[in-house]
Amino acid sequence: MNTTRHIEVCALLRRAESAAQDALNGDQAAARTTLALVSDARQRAEDTGLDACAHPNCSNELNYVGRGRRPLYCSADCRTNIYQATQMAARALIKNPQRATT
């Protein structure tokens, strides 16, 4: 989870804690607010899976504008590096099939 998202989730949970205290005192509107804040915090905490580049050595965030399929890589360089690495691994297995079985 990136730092900004972590701060947002913590702030939402603090507000939910305060609303929960009010709900314990019998305030029904506070109970609904608590549920909404906790749900929002959970969604933000869970929504971190697609925010980072899929390249194992890259920690850049993805630039997604909301149209089409979400990108896996932050740049063409990251995508090319992964492609080349998988091609080299495939060639190595073709040349030495014994390595795949051991």
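This passage walks through a predicted model of a single chain, from its overall make-up down to one helix and one threonine.

Start with the overall picture. The chain holds four helices and zero strands, and read from the N terminus the elements go α-α-α-α. Of its 102 residues, 14% count as buried. The exposed surface comes to about 8,100 Å², with carbon and sulfur atoms supplying 51% of that area. As for how the chain meets itself, take the contacts between residues at least 6 apart in sequence: 32% of these join residues at least 24 apart.

How far can the coordinates be trusted? The mean pLDDT of the chain is 79, and 86% of the residues reach 70 or more. Confidence is not even along the chain: helix 3 (residues 76-95) has the highest mean, 89, while helix 4 (residues 98-101) has the lowest, 59. Where pLDDT is low, the predicted coordinates should not be read in detail.

Helix 1 (residues 3-24) is a good place to look closer. With 22 residues at 1.5 Å each, helix 1 should span 32 Å, and its end C-alpha atoms sit 31 Å apart, so the expected and modelled lengths agree. Which residues of helix 1 are buried? They are Arg 5, Val 9, Leu 12, Ala 16 and Ala 19. These buried residues cover an arc of only 90 degrees around the axis, and therefore lie on the same side of helix 1. The general rule behind such a pattern is that an α-helix has 3.6 residues a turn, so residues three or four places apart point the same way. The other side of helix 1 carries exposed residues, namely Thr 3, Ile 7, Arg 14 and Glu 17. Just past the end of helix 1, Gly 26 adopts a positive phi of about 100 degrees.

Next comes Thr 34, which belongs to helix 2 (residues 28-46). Is Thr 34 buried or exposed? Its relative accessibility is 15%, and because the cut-off for buried is under 20%, Thr 34 counts as buried. Setting aside neighbours within four places in sequence, Thr 34 is in contact with Ala 16, Ala 19 and Ala 20. Two of these partners, Ala 16 and Ala 19, are listed among the buried residues of helix 1. With Ala 19 there is also a polar pairing: a polar atom of the Thr 34 side chain lies 3.3 Å from the backbone oxygen of Ala 19.

Notes
Residues are numbered from 1 along each chain as its sequence is written. This is a predicted model: local features need pLDDT of at least 70, side-chain atom pairs count only at pLDDT 80 or more; totals for chains, interfaces and linings use all residues. Side-chain values use heavy atoms; hydrogens and water are left out. pLDDT is the predictor's confidence in each residue, from 0 to 100. Helices (H or I, at least four residues) and strands (E, at least two) are DSSP runs, numbered from the N terminus. Buried means under 20% relative accessible area, exposed over 50%, partly exposed in between (1.4 Å probe, protein chains only). A polar contact is a pair of N or O atoms within 3.5 Å; within protein, one must be able to donate a hydrogen and the other to accept it, and residues adjacent in sequence count only if both atoms are side-chain atoms. Contact means heavy atoms within 4.5 Å. The expected span of a helix is 1.5 Å times one less than its number of residues. The arc is that of the directions from the helix axis to the C-beta atoms. Accessible areas come from the Shrake-Rupley method with a 1.4 Å probe; for residues, only the protein chains shown count as cover.
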